Each structure stands twice: as C-alpha cells, then as structure tokens.
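Good morning, everyone, and thank you for letting me take a few minutes of the meeting. I would like to walk through one model with you, and I will go slowly enough that those who are new to structures can follow on the screen.

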Amino acid sequence: MSLSLPRDPVLLASRLLLAMLFVFMGWGKLTGFSGTVAYMATTGTPLPYLSSIIAILVELGFGLFIAVGALTSPIAILLALYTFATAFIGHHYWTFSGMERYDMWIHFYKNFSIAGGLLALAATGPGHFSIDGILASTAQGTTARKL
C-alpha cells in the first residue's frame, strides 16, 4: 500500500507545527521575562539575563521565520542546533531522580526529535506555500521570460 500525501500542504502543516512550539515558548519567555531569567539561573545557564534575551530572539524570531517559510533551510539548521544544545542546558535529566528524572528525560529526547524534524525540513525545503517558495517561483518566472 502506498500513501501519497500532497507535498506542499503537508510541508506547510509541518512548518506551522514545528514553529508553533518555538513561537509559543518564545512569547511565554518574553511576557514572563523575570521568570525566564530566574529559570535560566536555576539551570546554571551562563549570563541568565543575556541568555534569556537570546532565547526569546531565537525562539520567537526563528519560529516566525519557519512559520512563513523564509530562509527556511538555514533557519531550520540553526534551530536544530539550538534545540539540541538546549537539551543539554535545560533538560539535564542525569542530575534528577524519580519522576523529575523521567520528566527531564522525556524533554531531553523530545528536543532530539524536534531537531530531527527541523533537519528534515531543512533537507526538503518549505514547499510552495512559503516566502521561499514564492521567491523561487518569481525568480524562475523572471529567468524564463529572459530566455
């Protein structure tokens, strides 16, 4: 049995689902900035205030770029690296015990899964329903008219 899904709508849904996590988390960090700084300090993140600002810019900014499909492949790779790194910074399950350890373990490997989805998006591209797709179509149309 072969299942063939429509590529562009599925890529749009994939981008929106991946972006949703980053946009929501970045917005939450922004609107609860003092709590974000406090959390960063408890995880041992260096320079918690600056790290909070960077996290907000990366999550909210890059999340929006992924949602609209702008600079998709390089942004997806950067977000994958960020997500992988934050697994070690924010979800160090090996320092916990009991249910907290299990919870952090889930979050740690969830980050790996999200990074995998971002790398798949970087490899496949955003599809036609994206800023990148529109720009590529426009560029191809311009090239075709010149020939």
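Let me begin with a contact between two helices: on one side R7, L11, R15, L18, L21 and F22 of α1, and on the other side I114, G117, L118, L121 and T124 of α5. If we sort the residues of this contact of α1 with α5 by class, we find seven nonpolar, two polar and two charged residues. Please keep in mind throughout that what you see is a predicted model.

For orientation, α1 covers residues 7-31 and α5 covers residues 98-124, and the two pack at an angle of about 140°, with their axes 11 Å apart. How should we describe that angle in words? Angles over 145 degrees would count as roughly antiparallel, and α1 and α5 are therefore oblique to each other. The crossing in which α1 passes α5 is left-handed.

Let me now step back to the whole chain. The protein chain contains six helices and zero strands, and the C-alpha trace spans about 65 × 40 × 20 Å along its principal axes.

Next, I would like to look at α2 and α3, whose axes come within 8 Å of each other and cross at roughly 115°, in a crossing that is right-handed. From α2, the residues that make this contact are F33, T36, V37, M40 and A41, while α3 brings P48, Y49, S51, S52, I53, A55 and I56. Which classes do these residues fall into? The contact of α2 with α3 has nine nonpolar and three polar residues, and no charged residues.

We can stay with α3 and turn to its packing with α4, where the angle is about 145° and the axes lie 10 Å apart. Here α3 passes α4 in a left-handed crossing. The residues that meet are A55, V58, E59, F62, G63, F65 and I66 in α3 and T72, I75, A76, L78, L79 and Y82 in α4. By class, the contact of α3 with α4 divides into 10 nonpolar residues, two polar and one charged.

Finally, let us come to the largest pocket, which has a volume of about 600 Å³. It is lined by 25 residues, and those closest to its centre are K29, E59, Y82, T86 and H91. You may recognise E59 and Y82, since both were named a moment ago in the contact between α3 and α4. Which elements give two or more residues to this lining? They are α1, α2 (33-42), α3 (48-68), α4 (72-90) and α5, and α4 gives the most, with six residues. Taken by class, the lining of the largest pocket has 13 nonpolar, nine polar and three charged residues.

Thank you for listening, and I am happy to go back to any of these views.

Methods
Residues are numbered from 1 along each chain as its sequence is written. This is a predicted model: local features need pLDDT of at least 70, side-chain atom pairs count only at pLDDT 80 or more; totals for chains, interfaces and linings use all residues. Side-chain values use heavy atoms; hydrogens and water are left out. Axes are lines fitted to C-alpha atoms, for helices over the stretch in contact, and angles run from 0 to 180 degrees between N-to-C directions. Helices (H or I, at least four residues) and strands (E, at least two) are DSSP runs, numbered from the N terminus. Angles under 35 degrees count as roughly parallel, over 145 as roughly antiparallel, 65 to 115 as roughly perpendicular and the rest as oblique. A crossing is left-handed if the near helix is turned anticlockwise from the far one by less than a right angle, and right-handed if clockwise. Contact means heavy atoms within 4.5 Å. Ala, Val, Leu, Ile, Met, Phe, Trp, Tyr, Cys and Pro count as nonpolar, Asp, Glu, Lys and Arg as charged, and the others, Gly among them, as polar. On a 1 Å grid over the protein atoms alone, a cavity is a set of points where a 1.4 Å probe fits but cannot get out, and a pocket is an open set with protein on both sides within 12 Å along at least five of seven lines; lining residues have an atom within 4 Å of a point. Grid points are joined across faces, edges and corners, and a volume is the space filled by probe spheres set on the points.
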